[in-house]
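This briefing goes through one protein chain, topic by topic. Keep the sequence and the 3D view open while reading.

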Amino acid sequence: MASATSRLAIAIAGAGIGGLSAGLCLARAGHRVEIFERAPALREIGAGLQITPNGAAVLERLGLGPALDKVAIRARAVRPTDGWSGRGIARFALDGGPYPYRFLHRAALIELLADAARDAGARIVTGQAVRAARPETGDLIFETGEPTRHELILAADGLRSVLRPLITDEAAWFTGQVAWRAVLNGVEAAPEARIWMLPGRHVVTYPLPGGRLNLVAVREQSGWAPEGWDHAEDPARLRAVFADAAPELRALFDRIEATRLWGLFRHEVPERWHVGRLALLGDAAHPTLPFLAQGANLAIEDGWVLARALEAAPDLDVALGLYAQRRGPRVRRAIAAAQANARNYHFSGVSRRIAHLALGAIDRVAPRRFTARMDWLHGHDVTRNWPAIARMTGHSSLE
């Protein structure tokens with residue numbers, strides 16, 4: 001195999017946040033990068049996202065902080081809220097760390113990353129659907145057109161990756177949660193994420209630039225329609241599910257004109273993330289439930305770590321092994337924490353009352369304690385400590 005210290009011809013399947021972030025990091029490192037996207041154009045509609053400080057650490061290191069501030073809102077706090085009464089339970093600050101916590105529309109981040117990747121030399125090809133790959137040769141096979149050969153292929157094509165089965169054959173499974181999402185126009189809100197908690201359900205709302213409000217509603221559900229994972233949904237059904245919610249929250253549901261319902265699926269994080277010249281990245285490797293806002297942030301981290309691993313190791317196989325070794329424990333811990341949040345948001349009965357009282361007490365007595373428990377996640381900076389990795393692998397070209 002080609003030396004990982006040389007400049008590789010790299011193909012990335014998928015131009016989402018993970019694929020574009022990886023493409024930017026790899027192009028900045030001098031690799032020849034092509035990103036293939038099945039959609040006819042780069043567009044993401046209808047959803048906001050949260051860039052937490054761990055994702056921001058990478059984007060800031062890439063010089064994108066000022067551009068992010070032009071299209072994002074800096075978050076100040078998270079507010080757990082009783083979804084029945086609308087009463088605020090607590091308020092915990094989010095603006096005290098070295099990197100900002102931001103709210104923005106997914107489309108804005110896609111555009112920013114695509115522009116930066118192109119400026120770094122990456123080539124983005126739309127309307128080109130990947131059908132398969134030959135990991136042993138680096139051939140990428142499209143639904144139309146001739147195969148192309150690369151020294152490394154990254155599967156960044158999401159939860160339902162067409163390339164992941166070449167590494168592991170475990171199928172995704174339904175987690176017992178379904179979700180709706182919507183963006184409301186003309187809603188002014190404080191720069192805070194509100195978590196509206198009800199038995200078996202919750203809603204997260206936060207503002208987006210331009211007077212918009214992002215809304216994601218989740219409920220527990222025992223089964224899922226087998227014919228698909230994403231369906232058009234009548235907003236009236238969503239309103240019925242939350243008919244007992246606080247008046248303020250119901251008023252937001254009344255403004256929704258169109259929404260989609262999708263099942264939340266997961267698959268196990270594999271022990272091995274690569275075979276031959278093919279490696280996994282982002283949701284193709286580690287999809288997580290959206291209860292810690294980490295899907296995009298973990299994918300952004302992946303791109304940086306992969307680029308540095310390729311510099312730190314003497315050959316491709318060792319580099320890809322180092323990448324998985326560095327990422328596996330972290331993403332597994334984040335996925336477990338997100339799963340735990342699903343339970344915490346959905347308490348009922350006495351457990352619900354106790355949990356709300358505990359949050360209120362923490363807010364009054366030791367508010368830093370709430371955010372400090374997530375320092376392992378939000379305070380982690382994957383851009384640090386790479387010189388030690390280089391020395392460990394016997395390669396010292398890193399800064």
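**Nonpolar cores**

The largest nonpolar core has 108 residues, and the ones with the most contacts inside it are Ile12, Leu26, Leu109, Leu140, Leu154, Leu163 and Leu310. Helix α8 (residues 316–345) gives this core its largest share, 13 residues. The model is predicted. The points below cover the cores, a small sheet, the salt bridges and one surface residue.

- A second, separate core of 25 residues includes Ala182, Val187, Leu198 and Phe253.
- In soluble globular proteins, nonpolar side chains tend to be buried together.
- Leucine 109 shows what such packing looks like from one residue: apart from neighbours within four places in sequence, leucine 109 is in contact with Ile17, Leu49, Ile51, Leu59, Leu68 and Leu104.

**A three-stranded sheet**

- Three strands, in the order β9-β10-β11, make an open sheet with antiparallel pairing.
- β9 (130–134) and β11 (148–149) are the edge strands, each of which pairs on one side only.
- β9 pairs with β10 in the antiparallel sense, over four bridges. One partner pair is valine 130 and phenylalanine 142, the latter in β10.
- The hairpin of β9 and β10 has four residues between the strands, and glycine 138 in this hairpin takes a positive phi near 85 degrees.
- Strand β10 (residues 139–142) also pairs with β11, again antiparallel, over two bridges. Leucine 140 stands opposite threonine 148 in β11. Leucine 140 is also one of the residues with the most contacts inside the largest core.

**Salt bridges**

How many salt bridges does the structure hold? The count is 21. Side chains of opposite charge can pair when their charged atoms come close. Three of the pairs are described here, followed by a network.

- Glutamate 151 and arginine 32 form a salt bridge, with the closest N and O atoms 3.5 Å apart. Glutamate 151 is in the loop between β11 and β12 (152–155) and arginine 32 is in strand β2 (residues 32–37), so the pair ties together parts 119 residues apart in sequence. Glutamate 151 counts as partly exposed because its relative accessibility is 22%, and arginine 32 counts as partly exposed at 49%.
- Glutamate 248 and arginine 194 form a salt bridge, with the closest N and O atoms 3.0 Å apart. This pair links distant parts of the chain, 54 residues apart: glutamate 248 is in helix α6 (residues 247–254) and arginine 194 in strand β14 (residues 192–198). Is each partner buried or exposed, or in between? Glutamate 248 is partly exposed, with a relative accessible area of 43%, whereas arginine 194 is buried, because its relative accessible area is 12% and buried means under 20%.
- Aspartate 317 and arginine 272 meet through their side chains in a salt bridge of 3.7 Å, N to O. Aspartate 317 belongs to helix α8, and arginine 272 to the loop between β18 (259–266) and β19 (274–275), so placed that the pair links distant parts of the chain, 45 residues apart. Aspartate 317 is partly exposed at 37% relative accessible area, and arginine 272 is partly exposed at 46%.
- Glu60, Asp69, Arg74 and Arg102 are joined into one network by salt bridges that share partners.

**A surface residue**

- Lysine 70 lies in helix α3 (residues 65–71). Lysine 70 counts as exposed because its relative accessible area is 75%, and exposed means over 50%.
- The C-alpha atoms of lysine 70 and proline 314 are separated by 40 Å, and the two residues are 244 residues apart along the chain.

Terms used. Residues numbered from 1 in each chain as written. Predicted model: local features only at pLDDT ≥ 70, side-chain atom pairs only at ≥ 80, totals over all residues. Heavy atoms only, no water. Buried < 20%, exposed > 50% of the residue type's maximum accessible area, 1.4 Å probe, protein only. Core = buried A, V, L, I, M, F, W, Y, C linked by side-chain atoms within 4.5 Å. Contact = heavy atoms within 4.5 Å. Pairing = 2+ DSSP bridges. Salt bridge = Lys/Arg side-chain N within 4 Å of Asp/Glu carboxyl O.
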